[in-house]
Amino acid sequence: FPIDPGAHVQPQRFTSQAAGGSHEYLYVHDPHSEGGQVVYMERDGQWKPVAAITTMGRIGSLGDKVARPAPKPARPRARNSVKSPAPAAPTPAPAPVSDVKPEFAPGDFCFWNDLNADGKVQIEECVVIPEAELRNPDKPWAKPPELTNGWGGRIAPDLTIYVDGITRFRPIGFAPDGAPRYGLAGTKSLGVDERGDLIPDPANKQLLCLSYKGYAGPTTGLLGIDEESGRIRWSYPNPYPGVHGSHNAPMPAPGLLVGPIKIMGLARVDDRIGNVMAMRGNLGQDFFVTSDGLYVGALFQDCRFPAEPLPDTEAMLRGQPMERYSEGGEPFNGWFGRQSDGKFRLTTGMPRQAAMILNVNGLESIERFDAPALSVDEAGLTKAAVDNAARASASGAEKSCVIHRAAAPPTLTGESGDWKAAPRLVIARAGMPEKAIARLAYDAENLYVRFDVTDASPWANQGKEPSELFKTGDAVDVQIGPAGDKPHADPAAGDRRVVIADLQGKPVAVLMAVVDPKSPPELHKSFTSPVGTKAFDRVEVLAAAKVAVKKGDGKYTVEAAIPWSALGVAPAAGTKLRGDVGFISSDARGTINVARTYWANSATNLVNDLPQEAWLHPQTWGAWTLE
């Protein structure tokens with residue numbers, strides 16, 4: 001049972017008295033459904049597996065390397081003769097394990113208990129339930145257990161294990177050294193179809209569940225589930241779950257969970273408050289909720305807000321308050337709990353920056369109160385329904401604008417006089433301090449753009465690679481393509497992107513085209529991450545583009561002339577196009593982007609995947625018409 005150091009699931013090391021006396025254990029669960037739930041103990045100076053709830057495919061390789069007796073050779077028959085019998089045929093060597101036909105299917109369910117304490121799997125130690133029998137109604141589960149437990153799933157102090165479905169596995173006994181034994185007798189389905197992080201809360205006889213029904217799919221929220229009946233006692237909304245769910249989240253607000261990816265731990269405060277859990281969010285915040293479903297608060301800054309950089313040395317950081325910092329995007333780590341000295345502590349690995357152990361202060365100051373009665377009547381519900389429908393209709397309308405025809409080319413000095421006739425496109429997000437006004441104009445030769453951006457750390461980009469300036473700090477962005485019968489999802493010929501940013505002290509415009517059959521091979525560019533690869537036919541600095549930048553206190557202005565010839569457009573009055581404009585925000589030092597904000601496309605929270613951020617999404621663009 002190898003432990004994957006690259007997994008988003010961290011092992012849980014703990015001490016328990018469940019077996020009588022104090023024993024230390026390590027619990028590891030595989031994040032994949034074909035994996036397993038494994039308990040380790042320290043033996044002879046090494047951590048060795050002592051029990052597992054798993055599949056035969058997880059034991060060895062596809063179930064064909066489990067130690068099993070070799071086939072017995074045929075015994076030679078004595079000859080019926082007075083002569084000396086011929087020497088017996090030599091015993092054939094056992095066939096290599098890989099040549100032995102598997103006795104089990106990879107999906108067969110298995111309880112493995114290390115009966116001889118050697119830390120290895122023998123077939124006689126396995127209780128195997130064939131995959132075909134997993135739907136047997138006589139078995140103690142409503143449907144076959146899913147052997148996953150979220151990124152933050154935990155084992156109970158009595159070594160009870162929960163898996164998605166939800167199925168509970170309690171030990172049926174313990175070995176003299178404290179190793180747990182699992183089997184069918186300790187198995188029970190709770191009869192609730194939920195999945196996600198499953199955190200036992202034995203003090204309240206409940207199971208906490210950070211619901212994750214499908215990857216960023218529909219969710220019922222953060223739940224408290226009765227550990228015996230499976231009844232959902234309480235729920236708290238979680239409308240933007242996990243990594244992908246956070247991509248559609250609005251700016252943070254009190255009470256709003258933004259992309260919780262795992263429960264980091266549960267800690268008891270006192271008799272008044274009870275237990276408090278901490279959840280790590282995908283966009284740089286941690287969220288605290290009581291174990292009876294009441295929101296407490298959030299720590300750190302959402303990564304879409306400007307946040308302070310860490311100081312240069314550890315000595316400058318030690319003992320300092322942390323609330324003004326952000327944990328960044330995709331902080332796939334973290335632990336929270338109360339330790340033996342009574343202090344609450346939290347670990348964080350700020351991506352690309354630092355790994356730290358922090359004190360969490362102030363949980364004792366939480367106060368409970370009795371809320372006033374709330375009266376809801378039919379008239380109020382009817383009015384709410386009408387208001388909701390109106391907002392949904394307004395938010396779903398396609399954006400459009402008319403691009404002003406310039407009587408004369410703008411002077412590109414950063415002054416506003418040449419742009420007064422061009423319509424203003426507001427680029428903003430509710431709750432975000434940074435915003436911009438964009439203006440578009442054109443003549444026979446160029447598309448002209450102007451951005452007035454409010455930014456606490458204006459025009460900061462330390463990138464050295466022109467093709468990745470959208471990733472390394474502040475930038476403005478123009479996306480444009482021909483109008484078709486209907487918006488198309490995948491970039492096609494004619495769809496272009498122009499990223500304008502500072503490159504080592506000089507503003508440049510970088511053209512990006514996914515499909516361009518005429519592009520020479522040297523301009524091809526691929527963007528790769530662990531998630532995948534996106535290939536572009538053309539990525540190049542537009543030497544013919546003219547760019548001017550004027551930087552002020554907390555703001556900057558960018559003006560540019562982009563040749564129509566580079567965009568593949570023949571301009572004429574009334575020409576229909578599709579397009580979008582936006583700005584990209586940097587961290588305080590201009591080393592990486594922290595937010596993307598656009599006029600038309602609202603699904604731009606992702607700032608942690610290079611190829612996806614490079615990609616074009618024409619279906620999200622607005623309608624443009626040349627005046």
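**Exercise 1. In which sense do strand β14 and strand β15 pair, and over how many bridges?**

Keep in mind as you work that this is a predicted model.

*Solution.*
- Step 1: Find the two strands. β14 covers residues 222-226, and β15 covers residues 232-236.
- Step 2: Check the direction and count the bridges. The two strands pair in the antiparallel sense, over 4 bridges.
- Step 3: Pick out one bridge. Ile-225 has Ile-232 in β15 as its bridge partner.
- Step 4: Look at the turn. There are 5 residues between the strands of this hairpin, and Gly-230 has a positive phi near 80° there.

A bit of background: strands of a sheet pair through backbone hydrogen bonds, and they can do so parallel or antiparallel.

**Exercise 2. Work out the order of the sheet that holds β14 and β15, and name its edge strands**.

*Solution.*
- Step 1: Write down the order. It reads β12-β13-β14-β15, an open sheet of 4 strands with antiparallel pairing.
- Step 2: Look for strands that pair on one side only. Those are β12 (196-201) and β15, the edge strands.
- Step 3: Add the twist. On average, neighbouring strands of this sheet are turned by 20° against each other, direction ignored.

**Exercise 3. Describe Lys-205: where does it lie, what is its phi, and is it buried or exposed?**

*Solution.*
- Step 1: Place the residue. Lys-205 lies in the loop between β12 and β13 (206-211).
- Step 2: Read the backbone angle. Phi of Lys-205 is positive, about 50°, although this residue is not a glycine.
- Step 3: Judge the exposure. The relative accessible area of Lys-205 is 53%, and exposed means over 50%, so Lys-205 is exposed.

**Exercise 4. Now do the same for Glu-330**.

*Solution.*
- Step 1: Glu-330 sits in the loop between α2 (314-317) and β20 (335-338).
- Step 2: Its phi is near 55°, again a positive value in a residue other than glycine.
- Step 3: The relative accessibility of Glu-330 is 21%. Buried would need a value under 20% and exposed one over 50%, so Glu-330 counts as partly exposed.

**Exercise 5. Which two residues does a cis peptide bond join, and what surrounds that spot?**

*Solution.*
- Step 1: Find the bond. It joins Gly-165 and Ile-166, with omega at about -5°.
- Step 2: Place it. Ile-166 belongs to the loop between β7 (161-163) and β8 (167-169).
- Step 3: Look at the strands on either side of that loop. β7 and β8 pair in the antiparallel sense over 3 bridges, and Val-163 has Thr-167 in β8 as its bridge partner.
- Step 4: Zoom out to the sheet. The order is β7-β8-β11, which makes an open sheet of 3 strands with antiparallel pairing. β7 and β11 (187-189) are the edge strands, each pairing on one side only. Neighbouring strands here are turned by 20° against each other on average, direction ignored.

**Exercise 6. Which residues does Val-547 touch, leaving out those up to four places away in sequence?**

*Solution.*
- Step 1: Locate Val-547. This residue lies in strand β33 (residues 546-552).
- Step 2: List the contacts. Val-547 touches Ile-500, Pro-507, Ala-509, Val-558, Glu-559 and Ala-560.
- Step 3: Compare sequence and space for one partner. Val-547 and Ala-509 are 38 residues apart in sequence, and their C-alpha atoms are 7.4 Å apart.
- Step 4: Check the exposure. Val-547 has a relative accessible area of 22%, so it falls in the partly exposed class.

**Exercise 7. Try another valine, Val-296: which strand holds it, and which residues are in contact with it?**

*Solution.*
- Step 1: Val-296 is found in strand β19 (residues 295-299).
- Step 2: Leave aside the neighbours within four places in sequence. Val-296 is then in contact with Phe-288, Val-289, Thr-290 and Ile-366.
- Step 3: Take Ile-366. Val-296 and Ile-366 are 70 residues apart along the chain, yet 7.5 Å separates their C-alpha atoms.
- Step 4: With a relative accessible area of 31%, Val-296 is partly exposed.

**Exercise 8. Sum up the whole protein: how many helices and strands are there, and what share of the residues is buried?**

*Solution.*
- Step 1: Count the elements. The protein has 5 helices and 37 strands.
- Step 2: Take the share. Of the 627 residues, 50% count as buried.
- Step 3: Add the dimensions. The C-alpha trace spans about 115 × 80 × 60 Å along its principal axes.
- Step 4: Look at the contacts. Among those between residues at least 6 apart in sequence, 57% join residues at least 24 apart.

Definitions and conventions: Residues numbered from 1 in each chain as written. Predicted model: local features only at pLDDT ≥ 70, side-chain atom pairs only at ≥ 80, totals over all residues. Heavy atoms only, no water. Buried < 20%, exposed > 50% of the residue type's maximum accessible area, 1.4 Å probe, protein only. Contact = heavy atoms within 4.5 Å. Pairing = 2+ DSSP bridges. Axes fitted to C-alpha atoms, helices over the stretch in contact; angles between N-to-C directions.
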